Amino acid sequence: MSVPDSPDSQAVRSRAAALAVLSAGTLMIILDGTIVNVALPSIQHDLGFSQANLAWVVNAYLIAFAGLLLLSGRLGDLLGRRRVLVTGLAAFTAASFLCGIADSAGLLIAARFVQGAAGAMVSAVALGMVLALYPDPHGRARAMGIYSFTQSAGGVLGLLAGGILTQAINWHWIFFVNLPIGLAAALLSLRLLPDDRPSRTGHDQADRTAGTGTGTARGGLRGTDAPGAVLVTAALMLGVYTIVKTTDRGWTSAPTAGFGAASLALLAAFLVRQARAAQPLMPLRIFRSRIVAGANAVQVLVVAGGFGFQFMTSLYLQHVLGYDPLEIGLSLAPTGVAIGVMSLVLSARLGARFGQRAVLLPSLVLFAGAFLLLARTPSGGPGSHASYVADILPPILLMGVAFGLVMPSLLTLGMAEAGPADSGLVSGVFNTAQQIGGALGLATLASIAGTRTEHRLAAGRTATTALADGYHLAFVVAAGLLTAAAVLAGVLLRTPAGQAPAGQSPTGTADPDELGVSSSRGSRPAPGPAGRKARV
């Protein structure tokens, strides 16, 4: 005779299904950010892109994505995160179809811009929805591990999938593959995720009592800070545009200085507006928490150094060791496996046992050490023989181990004090810091590598050796950025005296029931839905 499921068991399965849908939607966005890189030569050949314009296949997506993250997160708080998520998934799927059928460079670039805008809508609210699903610290740590796995491993999987699809079929299918995923994620989101649209009644007084400062804006777009939205979107888009164009113009050129100054002026005007507005788009009080502000600052450095790994390592494997796109994807696949093991299996348990900061600091040191190992790989010159098992595999496995521990810890710390009314905004801030750090890091590392290569060529080195020297220097600089992140984390992410670290119980062990794992004690009522913040 079958025993009916308890309400607790049903709640656990319901939350797990909702988390799976959010992770699938996020994975689609992350995959699309890297899968295109492998197909760029084929796209250039078929659509007649010039070398200069080809970069806009990537830049159009990046500028829209980074520029709209903050606004999208706040709209999720005002209109309902599920509504923004489903709209973003639908728009992303439609834009993917347009990318797949594109027969001209202009159509592809326009569709990629829409993809970036839609991807920002999904990414900005998904993290906040994970927080709402798992209000308890230990369940949240587990969910952060799963969510960060989709972010971290998605880039590696994109390289592998891009190589397979481009070589086995054609480049159009790197976009068509999004259609069934996007449609399924949108429909399942409507079915599995709660309708979290804020009501127009009862919130004003509650917000004033709680001191959130959101006022009537929670009832919809009424009271939305439109000037602030225009200022921050323009500032971020112009800033990212300035960064990505440094590869062509250099860091000291007049256009770079001019556009950079304009971006900073817009950002300053936005901050002044937020300090004075009655209904600010981004209440500055969210940065009063040293932990939240520190986690975002640390993340900028981590992403600046760490996200250059895929780009620079792929170039090294291609131009120095002669790997083709499929071989590059297969070579980097162990990184995704290591990230999965760390983020899905160990990160939550280690965080619950020792606290997120205690996990983060040694992981950052390990991350930096992996880059130093990459800097010692063979240069590909005469008499230089690179072995994948001996020279490439060890550092990329260490990368996976480190990244799989760093990102869940940073996610947990960065979102630790986000309340229900601001989780979309804090999620948007966190994702924006990630994108700005990635754009800055990639532009800086590429510039450093290119300059070193030019100097080596001028000194009479062979092209392969000169390229290898450039990549090696970039790896050393990335290690320096991660070391700086470790120092910053050690200073800013200290736990206040008498307060338990994030994700760590008073006994120093995780609660199996809160992680969704059955225990011999039987079932217990599910944790309360709100009011419990992750302790830092």
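## A partly exposed ring and its partner

In this predicted model, phenylalanine 259 has a relative accessible area of 32%, so the residue counts as partly exposed, a class that lies between under 20% for buried and over 50% for exposed. The search of the whole structure gives 8 aromatic pairs. In one of them, the ring centres of tyrosine 241 and phenylalanine 259 lie 5.6 Å apart. Their planes stand at 85°, and because an angle over 60 degrees counts as edge-to-face, the pair takes that label.

The two residues of this pair sit in distant parts of the chain, 18 residues apart. Tyrosine 241 belongs to helix 10 (residues 226-244), while phenylalanine 259 belongs to helix 12 (residues 254-276).

## A buried pair and a cluster

A pair of aromatic rings is described by the distance of the centres and the angle of the planes. For phenylalanine 367 and phenylalanine 403, the distance is 5.4 Å and the angle is 90°, an edge-to-face pair. Phenylalanine 367 lies in helix 16 (residues 356-374) and phenylalanine 403 in helix 17 (residues 388-414), with their positions 36 residues apart in the chain.

Both phenylalanine 367 and phenylalanine 403 are buried. They are also members of a cluster: ring pairs join Phe367, Phe371, Phe403 and Phe475. Another kind of ring arrangement involves arginine 353, whose charged end sits over the ring of phenylalanine 354 at 5.2 Å from the ring centre.

## The chain as a whole

The secondary structure consists of 19 helices and 0 strands. Of the 536 residues in the protein chain, 53% are buried. The chain exposes about 21,500 Å², and 66% of this area comes from carbon and sulfur atoms.

Contacts can also be sorted by separation in sequence. Among those between residues at least 6 apart, 83% join residues at least 24 apart.

## Helices 3 and 4

How do the axes of helix 3 and helix 4 cross, and at what angle? Helix 3 (residues 56-79) and helix 4 (residues 81-101) have axes that come within 8 Å and cross at roughly 150°. Angles over 145 degrees count as roughly antiparallel, so helix 3 is roughly antiparallel to helix 4.

The residues that meet are Tyr61, Ser72, Leu75, Gly76, Asp77 and Leu79 on the helix 3 side. On the helix 4 side they are Arg81, Arg83, Val84 and Phe92.

## Three buried residues

Leucine 425 is in helix 18 (residues 423-458). Its relative accessibility is 0%, so leucine 425 is buried. Although leucine 425 and serine 72 are 353 residues apart along the chain, their C-alpha atoms are separated by 8.1 Å. Beyond residues up to four places away in sequence, leucine 425 touches Leu70, Gly73, Arg74, Asp77, Leu281, Met282, Pro283 and Ile286.

Leucine 108 is in helix 5 (residues 105-133) and is buried, with a relative accessible area of 0%. Its C-alpha atom is 9.7 Å from that of isoleucine 43, a residue 65 positions away in sequence. Isoleucine 43 is also one of the contacts of leucine 108 outside its neighbours within four places; the others are Leu47, Phe49, Val57, Cys99, Ala102 and Phe175. Serine 189, in helix 8 (residues 178-192), has a relative accessible area of 1% and is buried too. With neighbours within four places left aside, serine 189 contacts Val21, Arg82, Leu85, Val86 and Leu89.

How values were computed
Residues are numbered from 1 along each chain as its sequence is written. This is a predicted model: local features need pLDDT of at least 70, side-chain atom pairs count only at pLDDT 80 or more; totals for chains, interfaces and linings use all residues. Side-chain values use heavy atoms; hydrogens and water are left out. Rings of Phe, Tyr and Trp (its six-membered ring) pair if their centres lie within 6.5 Å; planes under 30 degrees apart count as stacked, over 60 as edge-to-face and the rest as tilted. Helices (H or I, at least four residues) and strands (E, at least two) are DSSP runs, numbered from the N terminus. Buried means under 20% relative accessible area, exposed over 50%, partly exposed in between (1.4 Å probe, protein chains only). A charge sits over a ring if NZ of Lys or CZ of Arg is within 6 Å of the ring centre and within 35 degrees of the ring normal. Contact means heavy atoms within 4.5 Å. Accessible areas come from the Shrake-Rupley method with a 1.4 Å probe; for residues, only the protein chains shown count as cover. Axes are lines fitted to C-alpha atoms, for helices over the stretch in contact, and angles run from 0 to 180 degrees between N-to-C directions. Angles under 35 degrees count as roughly parallel, over 145 as roughly antiparallel, 65 to 115 as roughly perpendicular and the rest as oblique.
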